[in-house]
Amino acid sequence: MPKDYVGAIDQGTTSTRFMVFDRTGRIVAVAQREHEQIYPKPGWVEHDPEEIWRRTKEVIGEAMQQRALAPNDLAAIGITNQRETTIVWNRKTGQPLHNALVWQDTRVAELVAGFSRSGGQDRFREKTGLPLATYFSGLKLRWILDNVPRARELAEAGDALFGTIDTYLVWQLTGGTQGGLHITDVTNASRTQLMNLRTLEWDAELLNTFGIPESVLPRIRASSEIYAGARLDSISGVPIAGILGDQQAALIGQTCFKPGEAKNTYGTGCFLLMNTGQQPVQSTCGLLTTVAYKVGDKPAHYALEGSIAISGALVQWLRDNLGLIQNSADVETLARTVNDNGGVYFVPAFSGLYAPYWRTDARGVIAGLTRYANKGHLARAALEATAFQTREVVEAMQQDSKVRLEVLRVDGGMVVNDLLMQFQSDILNVPVVRPVIRETTALGAAYAAGLAVGFFSGAEELRAQWQVDRTWKPAMEEKQREGTYRRWKKAVTKSLDWVE
């Protein structure tokens, strides 16, 4: 009997969702739950892995019940996840040895500085595509092994397992302590700084340098292949057949299968990826080289990525820390109470600056304040910060790839904000296009799983489903565009060298 749907677990920085899609990519069921953000010290960000696993089980059950779906209704399930967030747990008990260290966490700054001193920040870039930074998983794993009692002892004995969130969820979904599968895919592995970009395998030299025992690492698999059947009652037996880091999943969801095609996802952070084809392109402009996806036994595709740490998280900060708005959606209403930013610029370097700067010494600043400035100007400056940071990344990407961006495909929670999308088009001076289906991260994971089991025939079928919902075109005069961007760049300089 043919199966009508594919499912996707979308485990993000602030919440977990389960979504069910039909063959046209239409959402037929969705459930979502938030999890706690834990801040033990300034710059430290943690999640409770067991809470994330509970939320995952809850949203799967809720979404399946919405449409009275049975496991037999699903052809496959894909998983997409916040990428560099790091978990180490006990193979025998299933208990995490420590809270998850979230990708935004900066506690490994001293390790970054130490490794950079003997070879520079880019000493591993040729192998991994990544600079030394607090962002990636490898040094977070090293921190846990060095600082959590018995962690290294358990690791050396083969009783500790490391994984990003995808690995932890697959292990739980396929049996946990009763034979759970310990795997990751090439996209998540490429964010650890432990995988060789060309061989797509863990690199012995890197493991030795970082002091990581290979016994803790998951097996690296393709992004789209059948891994195992789920052993959770609500989806029992459904093949888990796709794993993609969230930004790579959005690239697939936006059907950017051709070299030169790019998308920008506006979530907690902001992530611009451009497909560069079957060869990794090394960046000289502060971007990351990463694996875009690997379908079955076909060659991997690579991408250039510009990672921005804080975008939607800045709106949450206005809501939760300053109380300027009640709901995140209110930021646009507040920003529209003024005609411009009033000379106010907000550089949200809460955990340093990511692309294209990679400066862990930066911290957030609000520049240009006068007695004239009010909360409307702050709201507007917060939104504009996302667009300014995106322009910096686009400029770097164009320089690295030698490809001029003709149009920007956008997705993520912030694309419902018309004011932001118009300003993004204005400051880039290119059209900004939002697709009909905005949940492209979950959709990309569903596509990967569906391709693995033959639910979808291939890239052309998926490309045919992609439709435009709305296009914003630039309407700002050149003098204004360049003047306001110049002042943004000046504000960025004020955020640097803050941490001594």
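The largest pocket is lined by 41 residues, and Y266, G267, T268, G412 and G413 sit nearest its centre. Seven named elements each give two or more residues to that lining: the strands β2 (15–21), β3 (27–34) and β15 (262–266), and the helices α9 (246–253), α10 (312–320), α11 (330–335) and α14 (440–452). The space inside the largest pocket comes to about 1000 Å³. Note that the model is predicted.

**A second pocket**

The second largest pocket holds about 610 Å³ of space. Its lining counts 23 residues. Nearest the centre of this pocket are Y39, A313, Q316, W317 and N321. Which element gives the most to the lining of the second largest pocket? The answer is α10, with five residues. Helix α10 also gives two or more residues to the lining of the largest pocket.

**The enclosed space**

Searching the whole structure turns up three cavities of 30 Å³ or more. About 100 Å³ is the volume of the largest cavity. It is lined by 16 residues, with I308, L353, Y354, A355 and Q389 closest to the centre. At least two lining residues come from each of β18 (301–308), α12 (375–401) and α16 (478–495).

**Linings by class**

The table sets out the residue classes for each lining.

| Site | Nonpolar | Polar | Charged |
|---|---|---|---|
| Largest pocket | 11 residues | 20 residues | 10 residues |
| Second largest pocket | eight residues | 10 residues | five residues |
| Largest cavity | 12 residues | three residues | one residue |

In the largest pocket, polar residues number 20 against 11 nonpolar. In the largest cavity, 12 nonpolar residues stand beside three polar and one charged.

**The chain as a whole**

The protein chain folds into 16 helices and 23 strands. Its radius of gyration is 22 Å, close to the 23 Å that the globule rule gives for 500 residues, so the chain is as compact as a globular protein of that length. The C-alpha trace spans about 65 × 55 × 45 Å along its principal axes.

How much of the protein chain is buried? Buried residues are 62% of the 500. Contacts tell of sequence separation. Of those with a separation of 6 or more, 72% join residues 24 or more positions apart. The surface exposed by the protein chain is about 19000 Å², and carbon and sulfur atoms supply 47% of it.

Key. Residues are numbered from 1 along each chain as its sequence is written. This is a predicted model: local features need pLDDT of at least 70, side-chain atom pairs count only at pLDDT 80 or more; totals for chains, interfaces and linings use all residues. Side-chain values use heavy atoms; hydrogens and water are left out. On a 1 Å grid over the protein atoms alone, a cavity is a set of points where a 1.4 Å probe fits but cannot get out, and a pocket is an open set with protein on both sides within 12 Å along at least five of seven lines; lining residues have an atom within 4 Å of a point. Grid points are joined across faces, edges and corners, and a volume is the space filled by probe spheres set on the points. Helices (H or I, at least four residues) and strands (E, at least two) are DSSP runs, numbered from the N terminus. Ala, Val, Leu, Ile, Met, Phe, Trp, Tyr, Cys and Pro count as nonpolar, Asp, Glu, Lys and Arg as charged, and the others, Gly among them, as polar. The radius of gyration is taken over C-alpha atoms; the globule rule is 2.2 Å times the number of residues to the power 0.38. Buried means under 20% relative accessible area, exposed over 50%, partly exposed in between (1.4 Å probe, protein chains only). Contact means heavy atoms within 4.5 Å. Accessible areas come from the Shrake-Rupley method with a 1.4 Å probe; for residues, only the protein chains shown count as cover.
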